[in-house]
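Visitor: I should like a close look at a single part of this structure. Please describe one residue and its surroundings in a connected account.

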Amino acid sequence: MPSGSQLPPPPSWSLLGCGALGGVFATLLTQSGQPTQLLLRERHRATLHPVVDFTGLDGQHTLIAIPRAFVADRPAIRRLLVMTKADQVIPALLPLLGKLDKQVPIVLLHNGMGVAERVVELFPDNPVIAGVTSHGALQQGHFVFRHTGRGETWLGPVNEAGRQFAPLADRLAQALGQASWDEQILTRQWHKLAINCAINPLTALYRIKNGELTGPRFADTLQQICIEVADVMNAEGITTTAEELARRVQSVAGLTADNYSSMHQDLEQGKETEIEAITGFLLARAQAHGIMVPVNQGLYQAIKDRSQEQG
């Protein structure tokens with residue numbers, strides 16, 4: 001390298017997990033002018049990595065090149081955005097142990113709960129930020145993504161070091177149209193969990209779009225789910241009511257009426273679902289408080305049984 005020359009700056013974002021939502025976020029970040037690289041598993045080194053085929057909310061079709069990188073090559077990482085499925089977060093991060101600079105913030109955007117605490121244990125010196133988002137996304141093929149719905153995105157600190165990174169929400173907002181910071185991100189995570197407990201298992205089991213939950217067929221079941229989740233949330237110190245949760249569920253189901261939930265998509269494609277991090281987490285907290293949640297327990301078991309049948 002010539003004397004006085006400088007290394008190029010690292011990408012603004014390094015993204016782990018290029019599923020439906022990860023692919024959409026990577027594309028939107030790149031389109032907003034924030035250089036983004038996809039961190040792929042070693043087994044993908046020899047596979048075809050075409051340009052991303054992206055369809056936006058306006059139906060506009062775009063081909064966009066997003067660089068890829070591999071952990072073994074020790075790529076420069078400035079901000080790490082983890083968008084794998086909940087059960088894949090830890091396996092995806094393990095190869096970075098001892099290789100990730102302690103100043104790099106780890107932003108977790110996945111369904112479910114109970115994972116962030118394990119990330120803090122693995123990376124005690126890194127800032128860890130949790131996020132929730134309600135954007136809709138669909139993967140229609142190999143690096144073919146469709147943005148199916150605009151939603152809200154919230155970030156907040158998991159550990160003390162994470163509190164310094166509120167400006168990350170502004171960077172995401174440049175790409176998503178809205179993203180905000182909330183010091184009480186745990187409350188938002190619980191409300192997202194409540195919505196997922198209601199929408200995901202039912203739509204997956206009955207093979208329906210989200211909008212079908214707004215009709216009378218599922219009214220009683222949704223009410224019972226919300227009663228059970230509200231009991232657990234209140235025991236956890238998150239003040240809410242079953243009525244409030246039911247309103248949130250109906251609102252999201254209506255706004256995403258034409259969408260298939262991620263659990264529906266996973267089950268149909270024979271993939272591992274996030275039931276453990278969603279309903280499984282709820283059941284664990286319910287048990288800790290001695291609260292009975294029979295409807296959620298039944299849905300959990302039904303999803304597990306269906307997964308085993310397809311496996």
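Guide: A helix is here a DSSP run of H or I of at least four residues, and helices are numbered from the N terminus. In this predicted model, threonine 279 belongs to helix α9, which spans residues 276–289. Its relative accessible area is 1%, and because buried means under 20%, threonine 279 counts as buried.

Beyond its neighbours within four places in sequence, threonine 279 is in contact with Cys197, Pro201, Asn296 and Tyr300. Asn296 and Tyr300 also appear on the α10 side of the contact between α9 and α10, and helix α10 covers residues 294–310.

The two helices pack with their axes 10 Å apart and at an angle of about 140°. Angles over 145 degrees would count as roughly antiparallel, and α9 and α10 are therefore oblique to each other. The crossing in which α9 passes α10 is left-handed. On the α9 side, Thr279 takes part in this contact together with Glu276, Gly280, Leu282 and Leu283; α10 contributes Asn296, Gln297, Tyr300 and Lys304. Sorted by class, the residues of the contact of α9 with α10 comprise 3 nonpolar, 4 polar and 2 charged.

Another helix offers a further point of reference. Arginine 118 lies in helix α3, residues 116–122, and is partly exposed, with a relative accessibility of 44%. Along the chain, arginine 118 and serine 307 are 189 residues apart, and their C-alpha atoms are separated by 25 Å.

Methods
Residues numbered from 1 in each chain as written. Predicted model: local features only at pLDDT ≥ 70, side-chain atom pairs only at ≥ 80, totals over all residues. Heavy atoms only, no water. Buried < 20%, exposed > 50% of the residue type's maximum accessible area, 1.4 Å probe, protein only. Contact = heavy atoms within 4.5 Å. Axes fitted to C-alpha atoms, helices over the stretch in contact; angles between N-to-C directions. Parallel < 35°, antiparallel > 145°, perpendicular 65-115°, else oblique. Left-handed = near helix turned anticlockwise from the far one by under 90°. Nonpolar A, V, L, I, M, F, W, Y, C, P; charged D, E, K, R; others polar.
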